[in-house]
Amino acid sequence: KQRLGIAKALIAKPDCLILDEPTNGLDPQGIAQIRTLIQNLHQQGMNIILSSHLLGEVEACCTHLVVIGDQKVQYSGPIEGYSQTGIHIQSQNHTDLLAFIQTHGWEHTPLKDGLLITESIAADTINRMCFENGITLSHLSIYESSLEDNFIGGLNEYLSTLVFS
């Protein structure tokens with residue numbers, strides 16, 4: 001029924017296609033086919049408005065995102081702008097690490113278990129500079145949140161549930 005509904009809508013050759021949960025009830029092959037169809041239609045210049053609670057699907061085939069919550073628009077813009085990226089670092093000596101980061105003026109977000117450096121700096125550079133200044137990192141990883149991470153609970157809540165070694 002999903003494929004038939006989409007085919008029926010495309011017969012009229014619309015400039016804009018509105019899809020509500022287009023992959024609902026489809027098998028994995030059908031989901032892949034619909035995703036490919038959406039991407040092909042977009043490449044041909046068609047505007048597509050897709051409503052879905054499957055955030056992985058949204059992330060896989062959309063270029064822009066509108067998040068609505070509490071009866072208002074929470075975010076509207078490129079899909080990349082909704083995720084947060086950075087380098088998650090930890091040290092046994094958190095006070096010295098924080099002072100070092102602040103001295104360099106690097107943009108960062110404090111976390112329960114470390115810091116997220118949001119400045120565009122290579123991980124190996126951060127590691128080397130910390131070491132050269134007597135700060136040993138106990139954890140360093142590249143982090144990029146997904147739509148689901150941001151939508152469900154935010155970056156801090158997500159990171160506080162992870163176990164780092």
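This is a guided tour of a predicted model, stop by stop, with residues to select at each one.

**Stop 1: the salt bridges**

Begin with the charged pairs. The structure holds 3 salt bridges.

Select Arg3 and Asp27. They form a salt bridge, and their closest N and O atoms are 3.8 Å apart. Arg3 sits in helix α1, residues 2–11, while Asp27 sits in the loop between β1 (16–20) and α2, so the pair ties together parts that are 24 residues apart in sequence. Now show the surface. Arg3 is partly exposed, at 41% relative accessible area. Asp27 is partly exposed too, at 39%.

Move to Arg35 and Glu57. Here the closest N and O atoms of the salt bridge are 2.7 Å apart. This pair links distant parts of the chain: Arg35 belongs to helix α2 and Glu57 to helix α3, 22 residues apart. Is Glu57 buried or exposed? Glu57 is buried, with a relative accessible area of 14%. Its partner Arg35 is partly exposed, at 26%. Keep both on screen; they return at the next stop.

Finish with Arg128 and Glu132. Their salt bridge has its closest N and O atoms 3.5 Å apart. Both residues lie in helix α5, residues 123–132, and being 4 residues apart they are separated by about one helical turn. Arg128 is partly exposed, at 43%. Glu132 is exposed, at 54%.

**Stop 2: the cavity**

Look inside next. Rolling a probe the size of a water molecule over the atoms shows where empty space is left. The structure holds 1 cavity of 30 Å³ or more. About 60 Å³ of space lies in the largest cavity.

To see its walls, select Pro22, Thr23, Ile31, Ile34, Arg35, Ile38, Leu50, Ser52, Glu57 and Cys61. The elements that give two or more residues to this lining are α2 (28–43) and α3 (55–61). Which element gives the largest share? Helix α2 does, with 4 residues. Colour the lining by residue class: 6 residues are nonpolar, 2 are polar and 2 are charged. Arg35 and Glu57 are in this lining, and they are the salt-bridge pair from the previous stop.

**Stop 3: the pocket**

Now go to the open space. The largest pocket holds about 570 Å³. It is lined by 22 residues. Select Leu50, Cys62, His64, Leu65 and Val66, which lie nearest the pocket's centre. Leu50 also lines the largest cavity.

Zoom out to see which elements surround the pocket. Two or more lining residues come from each of α2, β2 (47–51), α3, β3 (64–69) and α6 (147–152). How many charged residues are in the lining? There are no charged residues; 16 are nonpolar and 6 are polar.

**Stop 4: the cysteines**

Select the cysteines and show their sulfur atoms. A disulfide is a covalent bond between the sulfur atoms of two cysteines. How many disulfides does a search of the whole structure find? The search finds 0.

Check two of the residues. Start at Cys61. Its closest cysteine sulfur is in Cys62, 4.4 Å away, which is too far for a bond. The cut-off for a disulfide is 2.5 Å between sulfur atoms. Cys61 is buried, at 14% relative accessibility.

Then go to Cys16. The closest cysteine sulfur is again in Cys62, but 12 Å away, so it too is too far for a bond. Cys16 is partly exposed, at 36%.

**Stop 5: a helix with a buried face**

Select helix α4, residues 94–104. Leu97, Phe100 and Ile101 are buried in this helix. Turn the view to look down the axis of α4. The buried residues fall within an arc of 95 degrees, so they line one face of the helix. Now look at the other side of α4, where Thr95 and Thr103 are exposed.

**Stop 6: a contact across the sequence**

End at Leu55, in helix α3. Leu55 is buried, with a relative accessible area of 16%. Add Glu148 to the selection. The two residues are 93 apart in sequence, yet their C-alpha atoms are 6.0 Å apart in space.

Note on methods. Residues numbered from 1 in each chain as written. Predicted model: local features only at pLDDT ≥ 70, side-chain atom pairs only at ≥ 80, totals over all residues. Heavy atoms only, no water. Buried < 20%, exposed > 50% of the residue type's maximum accessible area, 1.4 Å probe, protein only. 1 Å grid on protein atoms, 1.4 Å probe; cavity = no way out; pocket = protein on both sides within 12 Å on 5 of 7 lines; lining within 4 Å. Points joined across faces, edges and corners; volume = space filled by probe spheres on them. Nonpolar A, V, L, I, M, F, W, Y, C, P; charged D, E, K, R; others polar. Salt bridge = Lys/Arg side-chain N within 4 Å of Asp/Glu carboxyl O. Arc of directions from axis to C-beta.
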